[in-house]
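Let's take a walk through this model together. Keep the sequence beside you as we go.

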Amino acid sequence: MRAAEFVDRGPRQKVDELNFLGSQCTRDCSGHRAGYAWSKRKGTVPASRSASFNKGAALQAAGK
């Protein structure tokens, strides 16, 4: 496997795709997952225009 093929997408939810670590999602929680992974890599909470991205980052920063 090449290094570029591996992407850490954060924790996975089992069945309920409209809920990410207790936070409601509008569609598929991909924004929450992306923000969570970004915050985990960078160690900060972003000021993105995407509310779901920001929420995912905040969840990671809160230690969830």
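Start at the beginning of the chain. Over residues 1–7, pLDDT stays under 50, and for this stretch the model has 1 contact beyond four places in sequence. Keep in mind that what you're looking at is a predicted model, and pLDDT is the predictor's confidence in each residue, on a scale from 0 to 100.

How does the chain do as a whole? Its mean pLDDT is 77, with 73% of the residues reaching 70 or more. If you go element by element, helix 1 has the highest mean pLDDT, at 91, while strand 1 (residues 19–20) has the lowest, at 84.

So let's hop over to helix 1, which covers residues 30–42 and includes histidine 32. Is histidine 32 buried or exposed? Buried means under 20% relative accessible area, and histidine 32 counts as buried because its relative accessibility is 4%. Now look at what surrounds it: skipping its neighbours within four places in sequence, histidine 32 is in contact with Phe20, Ser23, Gln24, Cys25, Ser52, Phe53, Lys55, Gly56 and Leu59. With serine 23 there's also a polar contact, side chain to side chain, of 3.1 Å.

Next, check out arginine 33, which sits in helix 1 too. Arginine 33 has a relative accessibility of 12%, so this residue counts as buried. What does its side chain have for company? A polar atom of the arginine 33 side chain lies 3.3 Å from the backbone oxygen of aspartate 28.

Technical notes. Residues are numbered from 1 along each chain as its sequence is written. This is a predicted model: local features need pLDDT of at least 70, side-chain atom pairs count only at pLDDT 80 or more; totals for chains, interfaces and linings use all residues. Side-chain values use heavy atoms; hydrogens and water are left out. Helices (H or I, at least four residues) and strands (E, at least two) are DSSP runs, numbered from the N terminus. Buried means under 20% relative accessible area, exposed over 50%, partly exposed in between (1.4 Å probe, protein chains only). A polar contact is a pair of N or O atoms within 3.5 Å; within protein, one must be able to donate a hydrogen and the other to accept it, and residues adjacent in sequence count only if both atoms are side-chain atoms. Contact means heavy atoms within 4.5 Å.
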